[in-house]
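Here is a walk through a two-chain model, written for someone who likes to know the cut-offs behind each term. Have the viewer open while you read.

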Amino acid sequence: MAIDTTTTREILYNKALNEALDEEIARDDAVFVLGEEIGVWGGAYKVTEGLLEKWGDTRVIDTPISEALIAGAAVGASISGSRPVAEFMYQDFMGIAMDQIVNQAAKNRYMFGGKAELPITFRAAYGAGTGNAAQHTQSLEAWFTHVPGLKVVTPSDPYDAKGLLKASIRDNNVVCFFEHKSLYGMRGEVPEGEYVVPLGEAAIKREGEHATVVSWGRQVQNALKAGENLSAEGIEIEVVDLRTLYPLDVDAITGSVAKTNRAMVVHEAVRFGGFGGEITAQIQEYAFDYLDAPIKRLGALHSPVPFAEPLETASIPGVESIEEGVRELLRGV
Amino acid sequence: MANRRKANTRRGATKVPVMPERATLVSMYHAMQRIRRFEQTAEEMFKSARMRGALHFYTGEEASGVGVCSALRKEDYITSTHRGHGHCIAKGGKLNKMMAELFGRVTGYCGGKGGSMHIADLDLGILGANGIVGAGIPIAAGAALGAKLRGEDTVTVAFFGDGAGPTGAFHEGVNFAAVRNLPVIFVCENNQYGMATNVRDSNAGESIAGRGVAYGIPGEIIDGNDVFAVYEAATKAVNRARAGEGPTLLETLTYRHKGHTVHDMAKYRTKKELEEWLEKDPIHRFRNAVLETGEIDQKTFDEIDRDVEAEIEAAVEFAEASPYPSIDTIEQGVYAD
């Protein structure tokens, strides 16, 4: 089959993910998907829509509401020779499965002397902005970056969503793949043909000389909008989309900071203890001499995500707060 | 309340439902004796400060693991527990590599990075001992699911203790396996105590096997110190699973002769209770029953005992002669390349 990566079309983020799953199921007999309401319902965000009809119930497994089972089944199936893609309807629900993710999936390979292969992709929807209140909107990526044995991926647009999911499924490690639920309806250019976005490589999504904004997931889109607005003021920011949080592309971050001499990290997770702290420390360790100002961090306020719309919006970074953050960074505030 | 579990654990001669063929009898005895002597030796090593870490002994429960694993094929899978030495040996685990792992040496099953609670041998279908109570149950359901999707003819056994009975993992794993009719056998080794907590204070209901009714799968209580009874029940369950008839829940009633760990003096139980169970020692019962039938004579038992001693000695020698893993490998093996 001819590979065509030049012809593109615009598709939605969730459709891009759907294509990745469909293509990887077709490509590798060991791949199957499991999770709650992923078959008949088609997934809470329609990521798995049509897969049950196309592939049947040996490749698409509807599970009961049993998150520990979903993760544990992925562990057992993978260590015995399958390549499962397990969906958690919401990242918040992963708390119920944390033993299987943290103590089993992440550690088996190491504990068993480096011999066990656990090619698992754990997919989950995360993030605020949907009015779903505190138990369906968290950004918990830092929980997972802190566990050796896990890779953590979070795409910010349809192109990366498809390419990174395909790479995650093919990876022989446990990959936590986090999809921002406000992005499912985002439309973007995706090639017709086969492609993969390698894990562990950040992307410069906007070039600029005045300040580096490091981000991931939906906040990348906010940073890009902020970049357009700031451009009108003569401020050009460089937006580094990490895409993979672990393994972290430190060179992409320090390379950009060396160019702009100013850095800000933006994430939707609670600021205190967030992964932004790690980014800040990495810049401090590896690019300190390039800095002309203290590194700035934007993150959510120290509260559960509130329900009322004005509160939810105000509790997390947005386009305006990123713009203001950049202005402060340039003023050295 | 205390008597409710005694139905199938009468003292006296072991009932022999189906006497397995001689080769099976020999391998059963060999396995039980290997487990017993492996752990007694590990205890000596620990007490003489040649070994460290946590050791949870299976002593007294050998008939359960050996009876079940005797009904399995090499390619079948098991998930095990923190009290996992017995399951591993029963499934064919190598004593050298196990002992070396207990010593934390590079030649051990896990290269010294796992220790007693994390021994696995994927070539033998041993998907891992486990330091988290109940965690092997969903993993076993997953292995059985994977096997079914891959079109394998394998079955999976989840070993767990009465301490795992109250966990959510138990319910999630057994429920899913039953819903999906998976080829898995859940073996609850009820050794009466989770640490110091008696099973009647941790698990509601008459028995753990009785929960099979709720899941619509067979549940059976077995004398876990009678290797023949365990073997017979396991064979039936394995045949069911392999025939596509779904999971079975077995509860093997047994007793750990030692405390929870090597450190535990087990003061929460009476001397009388221990003595009663020591009289039901599964290895003694096996020997008496088989000597009576004449299938194995005393001379052969003695030979096996000598072979086991030699194996254990060689394992200790192998382990102690092996180096520790090198410090510069600490971060190796976390990820696949």
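How many bridges join β6(B) to β7(B)? There are 5, and the two strands run parallel. Strands count as paired if DSSP finds at least two bridges between them. Helices (H or I, at least four residues) and strands (E, at least two) are DSSP runs, numbered from the N terminus.

A quick word on ground rules. This is a predicted model, where local features need pLDDT of at least 70, side-chain atom pairs count only at pLDDT 80 or more, and totals for chains, interfaces and linings use all residues. Residues are numbered from 1 along each chain as its sequence is written, while chains are lettered from A and ligands numbered from 1 in the order in which they are written.

**The sheet in chain B**

Chain B has an open sheet of 5 strands in the order β1-β2-β3-β7-β6, with parallel pairing. β1 (77–79) and β6 (219–223) of chain B have a single partner strand each, so they stand at the edges with one side left without a neighbour in the sheet. Neighbouring strands here are turned by 20° against each other on average, direction ignored; axes are lines fitted to C-alpha atoms, for helices over the stretch in contact, and angles run from 0 to 180 degrees between N-to-C directions.

At one edge, β1(B) pairs with β2(B) (residues 156–161) in the parallel sense over 3 bridges, and I78(B) has V157(B) as its bridge partner in β2(B). Helix α5(B) (residues 136–149) packs on the sheet, touching β1, β2 and β3 (184–190) of chain B. The direction of α5(B) makes about 175° with that of β2(B).

Now for β7(B) (residues 248–253): 6 of its 6 residues are buried, so the strand is largely enclosed by the rest of the structure. Buried means that 20 or more other C-beta atoms lie within 10 Å of a residue's own; exposed means 12 or fewer, and partly exposed is in between, with C-beta atoms placed from the backbone. In a regular strand the side chains alternate between the two faces of the sheet. In β7(B), T248(B), L250(B) and T252(B) are buried on one side, and L249(B), E251(B) and L253(B) are buried on the other.

On the β3(B) side, 6 bridges join β3(B) to β7(B) in parallel, with F186(B) opposite L249(B). On the β6(B) side, D223(B) stands opposite L253(B). The chain gets from β6(B) to β7(B) through helix α9(B) (residues 227–242), and this β-α-β crossover is right-handed: with the strands pointing away from the viewer, the path from the first strand over the helix to the second runs clockwise.

**The sheet in chain A**

Chain A has an open sheet of 7 strands in the order β3-β2-β4-β5-β7-β6-β12, and its pairing is mixed. The edge strands are β3 (60–63) and β12 (244–246) of chain A, each pairing on one side only. Here too, neighbouring strands are turned by 20° against each other on average, direction ignored.

Some of the pairings look like this:

| Strands | Bridges | Sense | Opposite residues |
|---|---|---|---|
| β5(A) and β7(A) | 7 bridges | parallel | A124(A) and F178(A) |
| β6(A) and β7(A) | 4 bridges | parallel | V152(A) and C176(A) |
| β6(A) and β12(A) | 2 bridges | antiparallel | V152(A) and Y246(A) |

β7(A) (residues 174–180) is mostly covered, with 7 of its 7 residues buried. Both faces take part: V174(A), C176(A), F178(A) and H180(A) on one side, and V175(A), F177(A) and E179(A) on the other.

Helix α6(A) (residues 158–170) carries the chain from β6(A) to β7(A) in a right-handed β-α-β crossover. The helix lies across β2 (31–36), β4 (83–88), β5, β6 and β7 of chain A, at about 160° to β7(A).

**A one-sided helix**

Helix α11(A) (residues 319–331) has 13 residues and reaches 19 Å from its first C-alpha to its last, close to the 18 Å expected (1.5 Å times one less than the number of residues). Its buried residues are I322(A), E323(A), G325(A), V326(A) and L329(A). They cover an arc of only 160° around the axis, which puts them on the same side of α11(A); the arc is that of the directions from the helix axis to the C-beta atoms. Their cover includes β10 (211–215) and α7 (218–231) of chain A. After the helix comes G332(A), with a positive phi near 80°.

**Where the chains meet**

36 residues of chain B are in contact with 35 residues of chain A, contact meaning C-beta atoms, placed from the backbone, within 7 Å. α5 and α6 (168–180) of chain B each give two or more residues to that side of chain B. The largest share, 10 residues, comes from α5(B).

How values were computed:
Contact = placed C-beta atoms within 7 Å.
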